[in-house]
Each structure stands twice: as structure tokens, then as C-alpha cells.
Amino acid sequence: MIIKTPSRLHMTLIDLNGSYGRADGGIGLTLADPNFSLKSELSDNGVMIDFDSEINSNEIKSECIKKITSSAEKTMSYYNIDGGFHFTVKKAYLPHSGLGSGTQISLATSKLVYEHLKEDNSISTTDSTFDKDISSVELGKITGRGGTSGIGIFSFDYGGFILDGGHNLKEKGTFLPSAASPAKPPHLLGIYDFPEEWDIIVAIPRADTSVTGQKEVDIFTEYCPVPKQDVEKLSHLILMNLLPFLLEKNIECFGKSIDQIQNLGFKKVEVNLQSDIIKSAMANMREAGAYGVGMSSFGPSIYGITEGNTKEVFKATKEFIGENGDVFITKAQNTGYELQR
């Protein structure tokens with residue numbers, strides 16, 4: 001069987017102050033492109049991984065091997081599976097670019113393993129719960145994803161524009177990135193269809209600003225808690241401006257809210273830590289006419305929302321980035337993964 005999953009923009013974490021007893025929370029948007037596609041077949045033992053011929057990036061291959069192997073083994077262990085799986089990566093995108101590839105690879109792998117268990121009685125397992133669908137939250141618990149942000153988790157299942165409610169700080173204990181947090185995935189507060197007529201321009205400058213592993217943990221430790229007043233202003237901005245303007249399809253005011261978010265709370269930290277090329281690319285995209293410009297997660301991916309002026313903004317962004325990065329036009333995806341048996 002083959003599964004196809006979307007990518008996502010992580011627009012901001014909401015509360016990394018914790019004064020009100022909760023932490024994290026976030027908003028994000030599911031993207032139709034780029035996407036991840038994975039084929040799976042049963043094998044005798046262990047985990048085998050191949051790649052389609054057009055996947056040439058060693059960085060992509062390395063990340064896929066790491067995430068697929070780990071997620072498959074965790075799922076097999078969770079369900080006490082005696083057997084193996086052969087995976088073929090059909091399509092993938094750059095890891096550590098701010099587009100959420102790690103979560104999508106992990107959830108896709110675990111979902112395929114589970115679906116094989118549902119339909120193939122020859123697989124030896126001590127579990128007998130395979131008569132129902134499994135949610136992305138359950139997959140996240142098995143694979144260890146969603147410990148801080150739920151945007152990738154819910155993009156996988158539902159798509160659209162997503163708001164998650166974060167974690168009880170007493171249960172989580174401290175501020176940590178998703179990759180280092182043992183917390184369970186957060187609750188989903190809302191999913192909203194993103195206007196089909198709006199375009200998203202994504203630029204990925206080639207900048208050595210990757211934030212992963214211990215470096216990411218250290219940043220959370222150094223900069224949290226963020227100012228309480230930033231969290232309060234950001235919460236109001238999301239609830240009373242961003243979401244209503246999204247539902248009203250008011251792209252100008254929605255975009256203004258995106259711009260304001262870049263200067264608040266932990267998103268301000270993320271942007272300030274970036275190289276000048278990323279900050280300049282964001283400014284250039286705004287000057288070219290994008291209605292709102294933001295950075296996804298820790299970058300380097302940045303995005304601009306457009307309608308009617310997409311070609312002009314794309315051209316200006318492409319000319320600015322030149323050969324030092326990738327620029328493409330995509331749409332939001334208001335649905336989650338696709339599974340073909």
C-alpha cells in the first residue's frame with residue numbers, strides 16, 4: 001500500500017511563558033506541496049528501505065532511513081509484531097527546513113504498519129485491537145511525535161489551518177522542543193478550511209541556520225519563559241484577529257496579523273536568531289506585495305500569502321533568492337493523508 005502525506009507551515013508557538021499553567025499551543029497550515037509518499041510491503045524480518053531513482057539527496061535519504069527505521073521498530077515493538085516490512089520512498093522533501101518532514105515520515109510509517117496489521121491475519125501479534133482506525137494522536141504517542149506542537153500531527157489527519165491547545169505545564173514540566181519532549185500530543189482546538197483562492201509562496205534560502213538536537217534544546221532553555229505580555233497579545237491577536245479574518249477571507253487583515261506574529265513571543269526569538277539573508281528575504285517578499293510574511297518553525301523556510309499578485313511576488317522573490325535557495329508556489333491542503341491499498 002502507499003500513503004501520501006502533506007507538509008506544513010508552523011506559524012508560531014503561542015505560550016512559552018506558562019504563567020497561566022499551560023505551555024506550547026500553536027497555529028499552522030497544511031500544504032499540498034511538497035509532500036511525502038511511502039510504499040510498504042510485508043517482508044520476512046526487520047526493516048528494509050529503498051528509494052525511487054529520482055531521490056538523489058543524501059540528506060533526504062539519511063533522514064528517511066533514520067525516521068522510517070525508528071518509527072517502524074517502535075510500532076512493531078508496541079504491538080509485539082513478529083515479522084518485517086519493506087518500504088520504498090516514492091517522494092520526499094528536505095529535512096530540517098521548517099516544513100515538518102520528520103513528523104510526516106514517522107506518522108506515515110507507523111500508519112502503514114498498523115494498516116498491514118488490520119488487513120493481514122498472517123502477521124503474528126499479541127494485540128487484537130486492529131478492527132478500528134487509529135488516529136494521528138495515537139500514532140504520535142507510539143512514535144514519540146507531538147510532544148510540543150500538534151500542527152504536524154493534525155496536518156497528517158485533517159489538513160487545513162490548525163489551532164492546538166498545548167500542554168498542562170504541571171504534566172510537561174518544562175519548555176522543550178517536540179523532538180526532546182516526552183509529553184503526549186496536545187488537544188486539537190480547531191480546524192479551519194484555508195481559502196482555495198489564496199496562494200502560498202514558499203522560499204527556502206540556503207542558510208546554515210539549522211536548529212535541531214541539543215542546539216534546539218539549548219535555545220528553549222535560554223529564551224524561555226518569554227515575556228508574559230507577548231503571550232497575552234499573541235493570544236488576543238490569534239483569537240480576535242487572525243482566525244476571524246481567515247473565516248471572513250480578508251487576506252489583507254489576515255496577512256497583517258501574520259506580520260505582527262513575527263515580533264511576538266517565541267516566534268520573535270526564532271526570527272531574531274536567523275541569518276540576515278532570511279530576514280532580508282522576508283522583507284523583500286513583503287515589499288513585493290505579499291499580504292503577510294512569516295517564517296515556519298526555526299526556518300529556513302519562509303512564506304508569503306498572496307491573491308491576484310502571486311506571479312509578481314514569486315518573480316521578485318525568485319530574483320532575490322537567485323541560486324541560493326528554492327522558491328515555489330503552493331496551495332493549502334484542507335484534507336489529511338491519502339492511503340491507497
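How many nonpolar, polar and charged residues does the lining of the second largest pocket have? In this predicted model, that lining has nine nonpolar, four polar and five charged residues. The rest of the account places this pocket in the chain and then turns to the largest one.

The second largest pocket has a volume of about 330 Å³. Its lining is made up of 18 residues. Nearest the centre of this pocket lie Ile-14, Asp-15, Gly-165, Leu-189 and Ser-235. Four elements each contribute at least two lining residues: S1, strand S2 (22–43), strand S5 (161–164) and helix H7 (228–247). Of these, H7 gives the most to the lining of the second largest pocket, with six residues.

The largest pocket encloses about 860 Å³ of space. It is lined by 39 residues, and those closest to its centre are Thr-103, Arg-145, Ser-178, Ala-179 and Glu-216. The elements that each supply at least two residues of this lining are strand S1 (2–15), helix H1 (58–78), helix H2 (101–119), helix H4 (151–157) and helix H6 (213–223). The largest share comes from H1, with six residues. By class, the lining of the largest pocket has 23 polar residues, along with eight nonpolar and eight charged ones.

Strand S1 links the two descriptions. It supplies at least two residues to the lining of the largest pocket, and at least two to that of the second largest pocket.

Terms used: Residues numbered from 1 in each chain as written. Predicted model: local features only at pLDDT ≥ 70, side-chain atom pairs only at ≥ 80, totals over all residues. Heavy atoms only, no water. 1 Å grid on protein atoms, 1.4 Å probe; cavity = no way out; pocket = protein on both sides within 12 Å on 5 of 7 lines; lining within 4 Å. Points joined across faces, edges and corners; volume = space filled by probe spheres on them. Nonpolar A, V, L, I, M, F, W, Y, C, P; charged D, E, K, R; others polar.
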